[in-house]
Amino acid sequence: MLLIFPPVAKPSEPPAGVAKLKAVLLSHGVPCTVLDGNIEGLLYLLQRPVAASDTWTRRAGKNLALHLSALRDPGIYRSRDRYARAVRDVNRLLAVSDRAHDAVVGLADYQHGNLSPLRSADLLLAAEQPERNPFYPWFRSRLPEVFEASFSPRRHRGRGIGNPDPGTEGRTPPQMVGISLNFLSQALCAFAMIGYIRKEFPGLKIVLGGGLVSSWMKRPGWRDPFGGLVDHCVAGPGEGPLLGLLGVRERQQEHVTPDYDDLPVRDYLSPGFVLPYSGSSGCFWGRCSFCPETAEDTLYCPVPPEQAMADIAALTAKTRPVLLHLLDNAVSPLLLRALAADPPGVPWYGFARISKDLADIDHCMQLKRSGCVMLKLGLESGDQGVLDAMQKGIDLELSSQVLRALKQAGIAAYVYLLFGTPAETIAEARKTLDLIVRHADAIGFLNLAVFNMPLCGREAEEYGTGAFYEGDLSLYTSFRHPRGWDRKLVRQFIESEFKKHPAVSAIVKRDPPVFTSNHAAFFVRD
Ligand code: SF4
């Protein structure tokens, strides 16, 4: 089995999903290799000569090697200006790396002039014309190289699965390629790669999974539009379905630790290895009305805290990370307590829910001593009525206590706000502004988002117009705001009032460009 993580996603750390799948397959005796096409593809594009016609691009090209090595060095995270210049220059080089095909590549984004990742017809077109994808020269040379260990692509054409050509006996040809598709910014490139594999290696089975595919498959009335191209689409955790497709009848239920062995740990754009780890999937709260976890009714599956701690200890000893990134939608209070009681020996950060535990200064001090450098918190609104309407399950007084306790303990708060929900008008949004201004000294970073109505959420029935924003794969529906606070007005408020406040503007400017929360912890480490 070959598992591929396609471009483009922030290249600051290795992909966790494929590392976990690989470990499960290996533990069941299925040989498996992982290819991080994201970091490899981006570095490939950057290393190609660029015909620069402007000063910025020429200067960025001249400094590329310096910028890449600086982003892998802790020193640059002490100077926001140098860091911002390095990131913007690298992003610029990617943006101009392939002007021929109407695509603009970025460190965290992929835009195409005519094709949208929200339209299945466009994804199929991307698959039909892989040579029009900017990453084509990379995957056309790299994929045969990965397969070459087992068989030659041309000789394999049309052969059945598991029937290696004479002369390749003793080696195991991949039977299956799994594509892990998690972000919209990956979709067009993923389909270009699928199209290429389908043409060049027609005997291989292609399985498509990952967070984005799971969300697509949970859309009401989902009908697989990729049937002629992809053999199987998988929703939710991929281990069980993959093992079934690979003919493993008896699934061992023992937990396995993710395996990052194949991944190019020194290539990522971070000052050392960042270890991603999921202590759970789904969310233990699972009630917020705006959240896809709620709308899609995702099951909450925690790794028992003692097992998670053992995984983290084993992975930390093996990979020697500079930072542990907990990927949970919300790290459970039990895991937070386990980390506080038994420090993992590496700085760490993740999402947590505002809770009484975090208002306790002793607990926060313990977390700090255990290496916690930053917690991401969904504060969402400064109005209690709005919070209650979205079933956030937090109260403003508690939020205030948590921010103060974290500040006192020296843990940075990365605060997430959401504007434009059905219960909000400008009056409530101004209360959010007031809350942030009053706590500005306790907020390290801010993420500001405009509400999107999840297609299969409860509110969609009440307010949704049924029209999709952009295409048949959109996960959100257009809606009529019950109080007239529509997206245009919300954006106006954010840009011309909220961000203009000096206290807010100072926080917003601290956010690392492009990498945002993925690099923020490096700016606040002791
Ligand atoms: S706490 Fe976070 S992940 Fe959980 S339901 Fe609410 S928004 Fe979603």
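## Strand E5 and its partners

Ser 180 stands opposite Gly 209 in strand E6. This is a predicted model. E6 covers residues 205-209, runs parallel to E5 and is joined to E5 by five bridges.

E5 also pairs with strand E1. E1 spans residues 2-5 and E5 spans residues 176-180; the two are parallel and share three bridges. Leu 3 has Gly 178 of E5 as its bridge partner. Ile 4 is bridged to Ile 179 of E5.

E5 is mostly covered, with five of its five residues buried. Both faces are covered. One side carries Met 176, Gly 178 and Ser 180, and the other carries Val 177 and Ile 179.

## The five-stranded sheet

E1, E5 and E6 belong to an open sheet of five strands. The order is E2-E1-E5-E6-E7, and the pairing is parallel. Strand E2 (33-36) and strand E7 (232-233) form the edges, each pairing on one side only.

Helices pack against this sheet. Helix H2 (residues 37-47) lies across E1 and E2 and runs at about 40° to E2. Helix H7 (residues 136-148) packs on the sheet and touches E1, E2 and E5. The direction of H7 makes about 165° with that of E2.

## Nonpolar cores

The largest nonpolar core holds 157 residues. Phe 191, Ile 197, Leu 208, Trp 216 and Leu 377 touch the most other members. Helix H9 (residues 184-200) supplies the largest share of this core, 10 residues. In soluble globular proteins, nonpolar side chains tend to be buried together.

What does Ile 197 contact, leaving aside its neighbours within four places in sequence? Its contacts are Ile 4, Leu 143, Val 177, Ile 179, Pro 202, Leu 204 and Ile 206. Two of these names recur from the strand pairing: Ile 4 and Ile 179 are bridge partners. Val 177 is buried on a face of E5.

Another core lies apart from the largest one. This other core has 12 residues, among them Cys 283, Cys 291, Val 386 and Leu 418.

## The ligand shell

Which residues surround the ligand? The list runs Cys 283, Trp 285, Gly 286, Arg 287, Cys 288, Phe 290, Cys 291, Thr 294, Asn 329, Arg 353 and Lys 392. By class, the shell has five nonpolar, three polar and three charged residues.

The shell includes Cys 283 and Cys 291, and both also belong to the core of 12 residues. Asn 329 lines the ligand and falls in strand E11 (residues 323-331).

## The six-stranded sheet

E11 is part of an open sheet of six strands, in the order E8-E11-E12-E13-E14-E15. The pairing is parallel here too. The edges are strand E8 (274-277) and strand E15 (445-450), and each pairs on one side only. The twist averages 15° from one strand to the next.

E8 and E11 are parallel and joined over four bridges. One bridge sets Leu 275 against Leu 324 in E11. Helix H13 (residues 305-319) packs on this sheet and touches E8 and E11. The direction of H13 makes about 155° with that of E8.

## A buried helix residue

Thr 57 sits in helix H3 (residues 55-62). Is Thr 57 buried or exposed? Thr 57 counts as buried because its relative accessibility is 2%, against a cut-off of under 20%.

Leaving aside its neighbours within four places in sequence, Thr 57 is in contact with Val 50, Ala 52, Arg 92, Leu 93 and Val 96.

## Backbone exceptions

Pro 7 and Val 8 are joined by a cis peptide bond, with omega about 10°. Val 8 lies in the loop between E1 and helix H1 (16-27).

Arg 320 is not a glycine, yet its phi is positive, near 45°. Arg 320 is in the loop between H13 and E11. Its relative accessible area is 66%, so Arg 320 is exposed.

Val 514 also has a positive phi, about 65°, although it is not a glycine. The loop that holds Val 514 lies between helix H22 (502-510) and helix H23 (517-524). Val 514 counts as partly exposed because its relative accessibility is 26%.

Definitions and conventions. Residues numbered from 1 in each chain as written. Predicted model: local features only at pLDDT ≥ 70, side-chain atom pairs only at ≥ 80, totals over all residues. Heavy atoms only, no water. Buried < 20%, exposed > 50% of the residue type's maximum accessible area, 1.4 Å probe, protein only. Contact = heavy atoms within 4.5 Å. Pairing = 2+ DSSP bridges. Axes fitted to C-alpha atoms, helices over the stretch in contact; angles between N-to-C directions. Near = heavy atom within 4 Å. Nonpolar A, V, L, I, M, F, W, Y, C, P; charged D, E, K, R; others polar. Core = buried A, V, L, I, M, F, W, Y, C linked by side-chain atoms within 4.5 Å.
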